[in-house]
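Okay, thanks everyone for coming. I'll put the model up and then walk you through a few places in it.

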Amino acid sequence: MKKLIFRETGSIAALAALSAAAIVIFIFFLSNLTRSHVKQTDYLKQMERTLRLAETGMNNSLGRILINPELIGGGPINETIDDGQSETVAYERINALGPSTYLITTSTRNVAGKRFITRLHTYARISNTGEYFSAVNSEITITTSVMAASGRVYAPSITFQHDSSKPPTELRSAQFVNTVTPPVGDPAYGMSAEIRISEDGHQPKILAVPILFPQILDSDMDRFRTLAHMAGTPHRECDFSRPAYRSPNGLIHIFPPGYDGASGIYDDSANGIEDQYAGHTNAFADHVYYCDEPIGGMKVEGIIHGQILFVSEGPISISSSIISADEYYASKGIAGDPFLEYQGGALNISSSTANQAILITRSDVFITSTFWTGPPPVSVTTQTIQALIMAPHGTVSAVAYPAGMGVMERLRLKFSGSLILQDQPQNFPTVFAAGRQYGYMTTLTTNPPPYVPALASILASFEEIIGHE
Amino acid sequence: MYLAIRKGVTVIEVAIIVAVLGGVAALVNVGLVILNSFSRQGDDMQLKHEAQLTLVEMARDIRNAIEFTEVTTDKFTLTTYNIKGGYDSDTNANLFDDVNKNIITYRFVNGGDKSYLEKTLKVAGSTITRTMLTGKISAPTPTVPLSSTTIPAGLSLKDVSTLRIALQLYTKSKRDGGEPVITRFNTNAMKRAENQ
């Protein structure tokens with residue numbers, strides 16, 4: 001009897017247990033279904049983040065290469081970004097795109113015990129900065145009559161001023177990303193028009209993606225410090241405007257810090273030129289003067305003999321004219337620079353192949369109000385600046401002379417060189433009210449200066465999805 | 001049965017059995033409703049995942065593109081380099097040759113309930129076609145085109161770097177007998193290479 005009752009109770013219990021099991025299995029099934037979809041969605045998100053990491057790593061590595069091309073063919077460039085790592089190796093390649101740099105960037109992220117990996121294969125064209133008459137990372141207004149037939153102009157937005165009554169503007173190319181004024185196709189463009197662009201069908205060219213600008217980081221300044229031997233016997237100089245730098249002819253002449261000592265010192269007594277820098281080294285490759293004063297910065301003026309890099313941790317002040325020796329000798333009726341053998345000179349004591357001032361700073365460049373110090377000039381007076389000015393985090397500004405003194409009204413600027421800036425030049429029309437003439441220094445293309453950061457554009461890029469493991 | 005009646009415990013037992021069976025039946029009913037709901041949700045999630053995968057593939061093709069050649073309401077075409085022979089131009093000498101260019105076209109094909117997205121890859125004389133989202137995609141419209149972009153004044157499509165792509169999918173299927181609910185999936189993708 002009891003046995004029978006227990007058996008029947010047992011049946012009820014078994015039924016209840018079965019029902020409970022069915023419910024548990026049902027919930028488990030639903031849970032798995034949901035989890036599977038969450039997993040799929042999460043995978044896509046993680047791979048997307050890994051791709052972004054690869055793109056950032058590639059851009060950062062390319063930026064490092066722009067400052068230091070020796071990284072091409074060297075060991076991997078490693079970056080730790082947020083929650084992942086990227087590793088880039090770079091090689092030189094010559095193919096149907098022309099000479100290019102091939103970067104392989106592998107990004108890896110570890111998330112919840114899983115490793116997500118993406119690889120980018122990128123081909124970039126690295127351009128000599130000096131090819132650019134002006135590269136500005138915001139917007140720029142190109143005034144009338146710019147003579148830069150072999151120089152490029154780049155800015156996200158460009159405005160050309162043009163006036164048929166004035167000489168035309170001549171450029172090799174004009175590259176923009178957002179806007180250009182006048183717009184492409186305007187009759188102002190053409191080889192017989194007011195804005196003469198020799199490449200790209202004589203029109204401004206829109207770039208699909210902005211040019212990658214060099215960022216001068218601490219590591220890059222460290223490299224310049226090394227090039228200036230700051231840890232040993234340094235080529236440290238912050239003031240080239242000191243009277244001690246004046247040659248017998250009354251002008252300041254600046255030479256590269258290193259030279260072939262067997263050839264003697266940089267003196268051209270017949271022309272009253274004497275090299276006043278006492279710290280020359282017998283090292284052909286030395287081209288960098290370094291100033292480690294972040295507040296006061298560096299002062300530069302004078303006649304430039306050879307390829308000289310003026311690198312400053314602080315601002316750079318252009319205290320008077322900076323003139324290439326080419327122009328100086330030409331004004332004296334002397335063909336070529338006697339210090340540069342390739343120009344027909346008797347001496348060849350430097351490795352320089354051109355006379356170029358290269359001003360590099362992470363800060364700003366100022367044209368100070370010290371060019372004219374006496375009573376106001378009676379006629380138009382020209383300040384000449386021939387230099388490659390690289391301030392990719394700043395700009396170049398002209399400091400105003402006291403108003404009402406009649407100085408600025410008679411000052412004129414003759415600039416020849418290259419401007420690599422974050423923002424376009426400031427205050428030029430006010431200070432150089434008597435006129436401004438802009439030109440390009442052709443030797444920046446034909447004889448690129450050493451150790452100068454470059455610019456890059458991407459020619460092709462492919463994603464290789466490695467997946468996760 | 002006879003034994004159970006005779007022993008006098010059947011009323012309670014029957015009541016319990018009825019209650020348990022009734023409970024189980026109710027649970028099964030609720031379960032079926034939930035299952036049906038989850039099933040639909042699962043379908044929607046699966047569709048969402050499929051849409052995301054399709055968008056990821058389209059966006060990757062755009063990022064790898066060297067130029068766009070056609071962008072319309074229901075179609076876009078772009079050019080990429082074929083990397084089948086490898087990514088390194090030293091080992092894949094033809095990588096950047098004109099003959100090694102891929103022409104990739106995505107287009108909506110209207111087939112009523114069987115409408116689909118078609119991807120065509122043309123390279124070196126051969127054509128590979130693949131269909132996606134069959135029966136799940138709704139026709140693009142001028143207000144929600146498959147692809148769209150802005151061409152700067154005075155310039156052409158090859159100067160464009162960014163495409164906006166959109167898919168309109170049936171996320172509540174017509175099986176319920178009601179009006180289909182369409183959900184839009186979209187993204188912007190920008191190519192990395194400069195215009196050639």
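Before anything else, one term: when I say two strands pair, I mean that DSSP finds at least two bridges between them. And keep in mind that this is a predicted model.

So let's start with strand E5 of chain A, residues 132–136. E5(A) has strands pairing with it in the parallel sense. One is strand E24 of chain A, residues 411–421, and that pairing runs over three bridges. If you want a spot to click on, A:Ala135 sits opposite A:Ile420 in E24(A). Another partner is strand E7 of chain A, residues 147–154, which is also parallel to E5(A) and joined to it by three bridges. There, the residue facing A:Ser134 is A:Val153 in E7(A).

Is E5(A) enclosed or not enclosed by the rest of the structure? Well, five of its five residues are buried, so the strand is largely enclosed by the rest of the structure.

Next, a small sheet in chain A. It's an open one, with three strands in the order E6-E8-E10 and parallel pairing. The edges are strand E6 (139–142) and strand E10 (179–181); each has a single partner strand, so one side of each is left without a neighbour in the sheet. Going from one strand to the next, the twist averages 10°. Looking at one of those pairings, E6(A) and strand E8 of chain A, residues 157–160, run parallel with four bridges between them. A:Thr141 is across from A:Thr159 in E8(A), so to speak threonine facing threonine.

Now the cores. The largest nonpolar core has 88 residues. Those with the most contacts inside it are A:Phe133, A:Ile158, A:Phe160, A:Phe310, A:Leu359 and A:Ile389. There's another core apart from that one, with 26 residues, including B:Phe76, B:Leu78, B:Leu163 and B:Ala189.

On to the cysteines. How many disulfides turn up over all chains? A search of the whole structure gives one. It joins A:Cys238 to A:Cys291, with S to S at 2.1 Å. The link is right-handed, with 100° about the S-S bond. What it ties together are distant parts of the chain, 53 residues apart: A:Cys238 is in the loop between helix H2 (218–227) and strand E13 (253–254) of chain A, while A:Cys291 belongs to strand E16, residues 288–291, of chain A. Both ends are buried: A:Cys238 has a relative accessible area of 10%, and A:Cys291 has 0%.

A quick stop in chain B. B:Thr72 is in strand E1 of chain B, residues 67–72. With a relative accessible area of 28%, B:Thr72 counts as partly exposed. Along the chain B:Thr72 and B:Ser147 are 75 residues apart, but their C-alpha atoms are separated by 6.4 Å.

Last thing, confidence. Chain A averages a pLDDT of 86, and 88% of the residues score at least 70. Which stretches stay under 50? One is residues 1–6 of chain A, where the model has three contacts beyond four places in sequence. Another is residues 342–346 of chain A, with 11 contacts beyond four places in sequence. Where pLDDT is low, the predicted coordinates shouldn't be read in detail.

That's my tour; happy to go back to any of it.

Technical notes: Residues are numbered from 1 along each chain as its sequence is written. Chains are lettered from A and ligands numbered from 1 in the order in which they are written. This is a predicted model: local features need pLDDT of at least 70, side-chain atom pairs count only at pLDDT 80 or more; totals for chains, interfaces and linings use all residues. Side-chain values use heavy atoms; hydrogens and water are left out. A disulfide is a pair of cysteine sulfur atoms within 2.5 Å. Helices (H or I, at least four residues) and strands (E, at least two) are DSSP runs, numbered from the N terminus. Buried means under 20% relative accessible area, exposed over 50%, partly exposed in between (1.4 Å probe, protein chains only). A nonpolar core is a set of buried Ala, Val, Leu, Ile, Met, Phe, Trp, Tyr and Cys residues joined through side-chain atoms within 4.5 Å. Axes are lines fitted to C-alpha atoms, for helices over the stretch in contact, and angles run from 0 to 180 degrees between N-to-C directions. pLDDT is the predictor's confidence in each residue, from 0 to 100. Contact means heavy atoms within 4.5 Å.
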